[in-house]
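Here are some notes to help you find your way around this structure. Please keep the view open as you read, and take the points in order.

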Amino acid sequence: MKQSEIKDLSVAELQDKLTQLRKTHADLKNAHAISPIENPLQIRSLRRSVARIATELSKREQQ
């Protein structure tokens, strides 16, 4: 998810997206631990998306 897309979302939408991405990230990590997934770079991109959204949420809380 790109930063420009994240800025357009509301706080409630960001929190929903964050929980959804965290669940997806955990599922992918578990699947990769059992048997290698086809594209392991998905894990990295999900982790970075989670960080982007969490950063945006904390930034909005400070304002």
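1. A word on exposure comes first: a residue is called buried when its relative accessible area is under 20%, exposed when it is over 50%, and partly exposed in between, with a 1.4 Å probe and protein chains only. The areas themselves come from the Shrake-Rupley method with that 1.4 Å probe, and for residues only the protein chains shown count as cover. By these cut-offs Arg 60, at 22% relative accessibility, is partly exposed.

2. Please bear in mind that this is a predicted model, in which local features need pLDDT of at least 70, side-chain atom pairs count only at pLDDT 80 or more, and totals for chains, interfaces and linings use all residues. Residues are numbered from 1 along each chain as its sequence is written, and side-chain values use heavy atoms, with hydrogens and water left out.

3. Next, the charged pairs. A salt bridge here is a side-chain nitrogen of Lys or Arg within 4 Å of a carboxyl oxygen of Asp or Glu. How many salt bridges does this rule give? The count is 3.

4. Two of these pairs share a residue: Glu 56, Lys 59 and Arg 60 are linked in a network of salt bridges. Between Glu 56 and Arg 60 the N to O distance is 3.0 Å, while for Lys 59 and Glu 56 the closest N and O atoms are 3.8 Å apart. Helices, for reference, are DSSP runs of H or I with at least four residues, numbered from the N terminus. Glu 56 and Arg 60 lie 4 residues apart in helix 3, so about one helical turn separates them. Lys 59 and Glu 56 are 3 residues apart in helix 3, again about one helical turn. Is Glu 56 buried or exposed? Glu 56 is buried, at 6% relative accessibility, whereas Lys 59 is partly exposed at 39%.

5. Helix 2 has a salt bridge to look at as well, since Lys 23 and Asp 27 are 4 residues apart there, or about one helical turn. Their side chains meet at 3.1 Å, N to O. Lys 23 is exposed, with a relative accessible area of 54%, and Asp 27 is partly exposed at 41%. You can also trace from Asp 27 to Ile 43: these residues are 16 apart along the chain, and their C-alpha atoms are separated by 9.7 Å.

6. Now turn to the interior. A nonpolar core is a set of buried Ala, Val, Leu, Ile, Met, Phe, Trp, Tyr and Cys residues joined through side-chain atoms within 4.5 Å. The largest one has 11 residues, among them Ile 6, Leu 18, Ile 37, Ile 43 and Leu 57. Helix 2 (11-34) and helix 3 are the elements that give two or more residues to this core, and helix 3 provides the largest share, 5 residues. In soluble globular proteins, nonpolar side chains tend to be buried together.

7. Lastly, look at the surface. Lys 29, Arg 44, Arg 47, Arg 48 and Arg 52 form a positive patch. Patch residues have over 30% relative accessible area and no salt bridge, with like charges joined within 9 Å and nonpolar side chains (Val, Leu, Ile, Met, Phe, Trp, Tyr) within 5 Å. Lys and Arg count as positive and Asp and Glu as negative, while His and the chain ends are not counted. Helix 3 (residues 41-62) gives the most to the patch, with 4 residues. Arg 48 is found in that helix and is partly exposed, with a relative accessible area of 45%.

Key
The place of a charge is taken as NZ of Lys, CZ of Arg, CG of Asp or CD of Glu.
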